[in-house]
Amino acid sequence: MSSAPKTVIIGSGLMGTGIAVVYLTAGYEVTLVDVDEEILKKSVKNIKNILEDPSLFGALKHGSSNDFLERVSTTTSLQSAVRGSVEIVTEAAPEVLELKIRLFKELDDFCGKDVILATNTSSFKISEIAKEVRHKERVVGTHWWNPPYLMPLVEIIKTDYNEDIIKKVVDLFTKKLGKEVVVCKDSPGGIGVRLQAALFAEAMRMLDENLASPSDIDKVVRLTVGLRYPMLGPFQIADLGGLDVFLQALEYLAQRLGERFTPSARLARYVANGLLGVKSGRGFYAYQQVAISEIVKRRNKALLEILKLQRAEDLSNYFLANDSNSSS
Ligand SMILES: NC(=O)c1ccc[n+]([C@@H]2O[C@H](COP(=O)([O-])OP(=O)(O)OC[C@H]3O[C@@H](n4cnc5c(N)ncnc54)[C@H](O)[C@@H]3O)[C@@H](O)[C@H]2O)c1
């Protein structure tokens with residue numbers, strides 16, 4: 001009998017397949033569950049393609065894809081998949097709340113009390129998905145990003161019930177799966193999806209206002225705001241730009257474009273107290289003069305590298321303009 005730890009993934013679509021690759025390369029036995037055999041066959045084929053993709057050599061753990069694939073099994077029966085000693089089940093079925101509620105109720109009935117039940121939901125609150133689960137303490141959100149085998153971070157969602165398993169889940173993801181994690185409170189969209197949704201919603205508003213075309217808005221994101229994000233998050237960017245400048249911009253945008261831009265009371269308080277970011281030595285972070293010049297030097301160096309990569313891999317050539325975008 002194999003001594004490899006066991007995991008079950010429900011839904012072998014885009015995310016389930018990618019998540020399976022991560023567990024396989026971390027030494028797990030993976031059981032994939034889906035609604036029909038053809039989908040499962042396709043998923044195993046995709047796993048093989050990912051493991052054998054030469055462009056990913058070096059990024060994924062080395063080894064023969066056959067050795068990895070020996071540890072994959074598939075089934076359409078949820079109950080038989082979770083039989084035996086399973087460490088964690090990951091639900092990656094479609095984003096339909098009623099479906100997820102039903103699947104978690106079944107998992108609660110079928111799984112031993114120690115099995116961690118994780119959902120990869122993008123937007124739903126974990127407590128809503130777990131509303132019919134008796135042992136809510138073992139339900140957690142593990143929000144992976146696509147492609148799971150390359151994206152470095154998984155958001156771990158803490159609820160009112162699962163405090164006791166959070167450390168175990170964090171250890172699993174950081175020590176066994178090699179991921180960075182951030183633990184986030186249970187809230188619609190977690191952190192990343194909510195930020196991405198805010199940007200997308202604003203981009204759609206601009207399109208509806210006929211302000212610019214999708215390709216022009218995409219271009220502005222890629223060559224301005226987006227270029228900084230590989231190195232800096234929004235609070236670091238605001239500290240570098242000056243919190244007074246950001247406050248003034250938000251106040252004006254709120255007056256002209258609407259309440260959604262209203263600056264937070266915290267930002268106004270920071271500015272009133274002289275916390276302006278790097279220029280005053282404190283903002284969301286604390287700075288020493290020497291570190292500031294180092295940050296700027298390193299940011300510029302990284303920016304040049306990213307610009308080089310962007311020029312070499314210009315994906316915009318693959319996106320053709322769609323004339324229907326201009327019709328209201
Ligand atoms: N696509 C992304 O970039 C992304 C990123 C992060 C999180 N997510 C979330 O991950 C989940 C899956 O998304 P996806 O993009 O992989 O979807 P997908 O449509 O590619 O895959 C879903 C799979 O679930 C299967 N399925 C449907 N009903 C099922 C059932 N009752 N039992 C078992 N399997 C069932 C489908 O046949 C399909 O193969 C969603 O909750 C989504 O919001 C998606």
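Two residues count as in contact here if their C-beta atoms, placed from the backbone, lie within 7 Å. Keep in mind that this is a predicted model.

**Exercise 1. Work out how helix 1 and helix 2 pack, and which residues meet.**

Step 1. Start with the residues in contact. From helix 1, take Gly-16, Thr-17, Ala-20 and Val-21; they meet Ser-43, Asn-46, Ile-47, Ile-50 and Leu-51 of helix 2.

Step 2. Sort them by class. This contact has five nonpolar and four polar residues, and no charged ones.

Step 3. Now the geometry. Two packed helices are described by the angle between their axes and the distance between the axes. For helix 1 (residues 14-25) and helix 2 (residues 37-52), the axes cross at roughly 50 degrees and come within 9 Å.

Step 4. Name the arrangement. Angles under 35 degrees count as roughly parallel and 65 to 115 as roughly perpendicular; helix 1 and helix 2 are therefore oblique to each other. As for handedness, the crossing of helix 1 past helix 2 is right-handed.

**Exercise 2. Do the same for helix 12 and helix 13.**

Step 1. Helix 12 (residues 243-257) packs on helix 13 (residues 265-272) at an angle of about 135 degrees, and their axes are 9 Å apart.

Step 2. Angles over 145 degrees count as roughly antiparallel, so helix 12 is oblique to helix 13. The crossing is left-handed.

Step 3. Leu-243, Asp-244 and Leu-247 make the contact from helix 12, with Leu-267, Ala-268, Tyr-270 and Val-271 on the helix 13 side. By class, you get six nonpolar residues, one charged and no polar.

**Exercise 3. Describe the shell around the ligand, then follow Asn-146 into the backbone.**

Step 1. There are 22 residues around the ligand, and Gly-11, Gly-13, Met-15, Ser-122 and Asn-146 come nearest.

Step 2. Split the shell by class: twelve nonpolar, eight polar and two charged. Helix 1 gives the largest share, three residues.

Step 3. Look at the peptide bond from Asn-146 to Pro-147: it is cis, with omega near 0 degrees. Pro-147 sits in the loop between strand 6 (139-143) and strand 7 (153-158).

**Exercise 4. Find where Asn-210 lies and what its phi is.**

Step 1. Go to the loop between helix 8 (192-208) and helix 9 (214-223); Asn-210 is there.

Step 2. Check the backbone. Asn-210 is not a glycine, yet its phi is positive, at about 55 degrees.

**Exercise 5. Place the domains.**

Step 1. The domain assignment gives domain 1 (6-185) and domain 2 (224-315).

Step 2. Taken over C-alpha atoms, the centres of domain 1 and domain 2 are 35 Å apart.

Definitions and conventions. Residues numbered from 1 in each chain as written. Predicted model: local features only at pLDDT ≥ 70, side-chain atom pairs only at ≥ 80, totals over all residues. Axes fitted to C-alpha atoms, helices over the stretch in contact; angles between N-to-C directions. Helix = DSSP H or I, 4+ residues; strand = E, 2+ residues; numbered from the N terminus. Left-handed = near helix turned anticlockwise from the far one by under 90°. Nonpolar A, V, L, I, M, F, W, Y, C, P; charged D, E, K, R; others polar. Domains from an automatic or database assignment. Near = placed C-beta within 6 Å.
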